[in-house]
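Please open the structure in your viewer and keep the selection tool at hand. The tour below proceeds one selection at a time.

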Amino acid sequence: PTQRNSLYLKMGLSCGEKCLRFLLIACNLIVFLIGCVCTGYAAYLLAKVKEFMDQPVALVVPSIILSLTLLILLLGFLGCCGAWNLNTCCLRTYAILITILLIIELICGVLVFVYKAKAEKFVNDFLKEAIQDIEMTGNKDLEAMVR
């Protein structure tokens, strides 16, 4: 640890700082656990889409979802470990990732607003193709995925 961090740790944390630290740890632990579950689900979704779709375009959305859930997993880990160990490097990386994530959310919101019609058409085409495939083949797995 740096000299500044050592001096800060020797002085101890005030009651409010301890409370905020444990709140940050608890919230990021929850984010980490949710990230684990979402990453598993996104990987499962990607595998199912690969199994049923021949178009590489269909893999774009599940791949983006998987990468975002991995980012959330990393974010929860950095926040939790940084707060637990009072590690400034982890906490700075956490703050930078939070800022980047907020910027990405703003950009995605604008893109969804601008390209709403194309997104709806893509989803509708995918669902129509899946329903036709279910009717023709009677594929129960694909039917369960569409529901």
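Select L86, which counts as partly exposed at 24% relative accessibility; here buried means under 20% relative accessible area, exposed over 50%, and partly exposed in between, with a 1.4 Å probe and protein chains only. L86 sits in the loop between α3 and α4; helices (H or I, at least four residues) and strands (E, at least two) are DSSP runs, numbered from the N terminus. The phi angle of L86 is near 50°, a positive value in a residue other than glycine. Most residues other than glycine have a negative phi. Now add R21 to the selection: L86 and R21 are 65 residues apart in sequence, and their C-alpha atoms are 8.7 Å apart in space.

Before continuing, please note that this is a predicted model, in which local features need pLDDT of at least 70 and side-chain atom pairs count only at pLDDT 80 or more, while totals for chains, interfaces and linings use all residues. Residues are numbered from 1 along each chain as its sequence is written, and side-chain values use heavy atoms, with hydrogens and water left out.

**The whole chain**

Display the entire chain as a cartoon. How many helices and strands are there in the chain? There are six helices and zero strands, and the pattern along the sequence reads α-α-α-α-α-α. Of the 147 residues in the chain, 22% are buried.

**Two packed helices**

Select residues 15-52, which form helix α2, together with residues 60-85, which form α3. These helices, α2 and α3, pack at an angle of about 160°, with their axes 7 Å apart. The angle makes α2 roughly antiparallel to α3. Axes are lines fitted to C-alpha atoms, for helices over the stretch in contact, and angles run from 0 to 180 degrees between N-to-C directions. Angles under 35 degrees count as roughly parallel, over 145 as roughly antiparallel, 65 to 115 as roughly perpendicular, and the rest as oblique.

**The salt bridges**

The structure holds two salt bridges, a salt bridge being a side-chain nitrogen of Lys or Arg within 4 Å of a carboxyl oxygen of Asp or Glu. Side chains of opposite charge can pair when their charged atoms come close.

Select K48 and E51, which form a salt bridge with their closest N and O atoms 3.9 Å apart. Because K48 and E51 are three residues apart in helix α2, they are separated by about one helical turn. Is K48 buried or exposed? K48 counts as buried, at 18% relative accessibility.

Next, select D125 and K121, whose closest N and O atoms are 2.9 Å apart in a salt bridge. Being four residues apart in helix α5, D125 and K121 are also separated by about one helical turn. D125 counts as partly exposed at 35% relative accessibility, whereas K121 counts as exposed at 52%.

**The nonpolar patch**

Finally, show the surface and select V57, V60, V61, I64, I65, L68, I96, I100, I104, F122 and V123, which form a nonpolar patch with about 860 Å² of accessible area together. Patches are made of residues with over 30% relative accessible area and no salt bridge, where like charges are joined within 9 Å and nonpolar side chains (Val, Leu, Ile, Met, Phe, Trp, Tyr) within 5 Å. Accessible areas come from the Shrake-Rupley method with a 1.4 Å probe, and for residues only the protein chains shown count as cover.

Which helix supplies the largest share of the patch? That helix is α3, with five residues. Helices α3, α4 (88-114) and α5 (116-137) each supply at least two residues.

Within the patch, V60 lies in helix α3 and is partly exposed, with a relative accessible area of 43%. V123, in helix α5, counts as partly exposed at 43% relative accessibility. As a last selection, add A58: V123 and A58 are 65 residues apart in sequence and 9.8 Å apart in space, C-alpha to C-alpha.
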